[in-house]
Structures are given as structure tokens and as C-alpha cells.
Amino acid sequence: MMARHGTERTATDRPPALERLWDGLLAGLAPVTACVLALAGLTTWTALGAAGTPPRVQVEDARILMPSTGRGDTAVFFRISNSGGSADQLLSVTSPLADKAVLTRHVSSGGGDSANVVTSTGIPAGGTLVMSSNSLEVAVTLRSGLHRRPGESVPFTLRFRHSGAVDTAVVVVRPGS
């Protein structure tokens with residue numbers, strides 16, 4: 001078979017129009033395949049219950065150490081669980097009975113121990129944050145003249161990035177208990 005311009009073509013050659021159509025189909029196949037795979041992955045993720053579930057934080061085991069006589073500085077510890085499918089962040093802790101409350105992280109070094117102020121801390125999806133004097137705590141300065149006894153409670157509000165404000169009652173305990 002001879003082509004118009006004298007070039008020879010074989011029986012397997014495609015006409016230019018068909019070649020362009022074939023190239024266009026191949027070019028479109030990659031994005032369509034990627035979309036189908038992404039949709040299948042998201043469908044599976046959703047079917048397993050992990051997609052789109054917001055954080056669900058619960059504050060438990062909240063305790064504040066009874067301050068030393070004549071001092072208002074003390075520490076508060078919380079156990080925060082997140083049963084949701086997304087992580088959340090604890091941004092701040094406040095109390096109407098405290099002049100100041102800041103998140104601090106305990107740091108041990110060869111020269112001694114110190115506490116560094118942190119602006120926030122994460123609570124992973126399906127995870128738990130347990131505060132202690134050796135890790136993360138809330139350093140609190142209670143209002144002057146305010147004395148609390150073991151067993152009494154102090155109101156606190158924890159503010160989370162996604163879960164908003166969570167109010168809780170914190171029980172006063174003796175240090176070491």
C-alpha cells in the first residue's frame with residue numbers, strides 16, 4: 001500500500017486521526033485510574049469508620065495538688081482520652097480560681113530538672129494523654145487567700161482546637177497521693 005506522498009505504509013499503521021484518538025485515550029487513562037484508586041481507598045477508609053469522625057475528648061482523673069501553706073503555686077494533672085478518629089490539641093487550661101495556669105513540660109538534664117512552658121499538646125486519635133509531674137502538667141497559681149483541702153473540687157476549663165471548651169471538676173489531693 002502506498003501513501004499519497006510516496007511513503008510506504010504497512011497494514012498495522014493507523015491513520016493520523018486514529019493515532020491522535022489513541023494517544024488521547026492513553027493520556028486520559030492515568031488520571032482516571034488515579035481517581036478510581038483514590039475513590040476506592042477513601043470508600044474503604046470510610047467503611048472502616050475512620051474517615052471524618054471528629055475528635056471525642058474525655059477528661060478523667062483530674063487532680064490538683066494541695067498547695068503548701070502560704071503559697072498558691074501548685075500543679076494540676078489530667079488524663080485526656082480521645083476516642084474519635086481525628087487528633088485534637090489541648091490549647092489552654094483556665095480556672096476562675098486561678099490567677100495563672102500554663103502547660104509545662106518536665107525536662108531532666110545533667111545539670112538538674114526544669115519545666116518549659118508549651119503552647120499546646122496533641123492528643124492523638126484513639127489515644128490518651130496522661131499528665132504527671134515527670135512529663136506534662138499544668139502549673140497553676142491559685143488566687144491569693146484561696147485555701148483548698150483534700151477532697152474539695154476546683155472548676156477548670158480545658159480548651160481544645162477542635163473539641164472546644166470542656167469543663168471539669170478537679171479534685172484536691174495531698175502531694176504524693
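Which residues is Met-131 in contact with, leaving aside its neighbours within four places in sequence? The list runs to Arg-63, Val-76, Phe-77, Phe-78, Ile-80, Leu-90, Leu-103, Leu-136, Glu-137 and Val-138. This is a predicted model. The chain has 177 residues, and 27% of them count as buried. It holds one helix and 10 strands.

**Overall layout**

- Read along the sequence, the pattern is α-β-β-β-β-β-β-β-β-β-β. The helix therefore comes ahead of the strands in that pattern.
- Take the contacts in the chain with a separation of 6 or more. Residues 24 or more positions apart account for 66% of them.
- The accessible surface of the chain comes to about 11,200 Å². Carbon and sulfur atoms hold 57% of that surface.

**The largest nonpolar core**

- In soluble globular proteins, nonpolar side chains tend to be buried together.
- Here the largest nonpolar core has 29 residues. Phe-78, Ile-80, Leu-90, Met-131, Phe-156 and Leu-158 touch the most other members.
- Seven elements need naming here, as each gives two or more residues to this core: strand 1 (57-65), strand 2 (73-82), strand 3 (88-94), strand 4 (98-109), strand 8 (136-142), strand 9 (153-160) and strand 10 (164-173).
- Which strand gives the largest share of this core? Strand 2 does, with five residues.
- Met-131 is one of the core residues that touch the most other members. Among its contacts beyond four places in sequence are Phe-78, Ile-80 and Leu-90, which also appear in that group of core residues.
- The contacts of Met-131 also include the charged residues Arg-63 and Glu-137.

**The aromatic pair**

- A pair of aromatic rings is described by the distance of the centres and the angle of the planes.
- A search of the whole structure finds one aromatic pair. Phe-78 and Phe-156 form it, edge-to-face. Their centres are 6.2 Å apart, with 75° between the planes.
- Phe-78 lies in strand 2 and Phe-156 in strand 9, so the pair ties together parts that are 78 residues apart in sequence.
- Are these two residues buried or exposed? Both Phe-78 and Phe-156 are buried.

**Salt bridges**

- Side chains of opposite charge can pair when their charged atoms come close.
- How many salt bridges does a search of the whole structure find? It finds three.
- Arg-79 and Glu-60 meet through their side chains, at 3.2 Å from N to O. Arg-79 is in strand 2 and Glu-60 in strand 1, so this bridge links distant parts of the chain, 19 residues apart.
- Arg-79 has a relative accessible area of 34%, so it is partly exposed. Glu-60, at 29%, is partly exposed too.
- Asp-99 and Arg-143 form another salt bridge, at 3.1 Å from N to O. Asp-99 sits in strand 4, and Arg-143 in the loop between strand 8 and strand 9. They are 44 residues apart, and the pair links distant parts of the chain.
- Arg-143 is partly exposed, with a relative accessible area of 39%.
- Glu-152 pairs with Arg-149 in a salt bridge. The closest N and O atoms are 4.0 Å apart.
- Why does Glu-152 count as partly exposed? Its relative accessibility is 26%, and partly exposed covers values between 20% and 50%.
- Arg-149 is exposed, because its relative accessible area is 57% and the cut-off for exposed is over 50%.

**The loop between strand 6 and strand 7**

- Pro-124 lies in the loop between strand 6 (121-123) and strand 7 (128-130). Gly-126 has its place in the loop between strand 6 and strand 7 as well.
- Pro-124 counts as partly exposed, at 43% relative accessibility. Gly-126 is exposed, with a relative accessible area of 62%.
- Beyond four places in sequence, Pro-124 is in contact with Asn-82 and Ala-87. The C-alpha atoms of Pro-124 and Asn-82 are separated by 6.8 Å, although the two residues are 42 apart along the chain.
- Gly-126 touches Asn-82 and Gly-84, again not counting residues up to four places away. Asn-82 thus is in contact with both Pro-124 and Gly-126.
- Gly-126 and Gly-85 are 6.5 Å apart, C-alpha to C-alpha. In sequence, 41 residues separate them.

Key
Residues numbered from 1 in each chain as written. Predicted model: local features only at pLDDT ≥ 70, side-chain atom pairs only at ≥ 80, totals over all residues. Heavy atoms only, no water. Core = buried A, V, L, I, M, F, W, Y, C linked by side-chain atoms within 4.5 Å. Buried < 20%, exposed > 50% of the residue type's maximum accessible area, 1.4 Å probe, protein only. Helix = DSSP H or I, 4+ residues; strand = E, 2+ residues; numbered from the N terminus. Contact = heavy atoms within 4.5 Å. Phe/Tyr/Trp six-rings, centres within 6.5 Å; stacked < 30°, edge-to-face > 60°. Areas by Shrake-Rupley, 256 points an atom, 1.4 Å probe, with all protein chains shown as cover.
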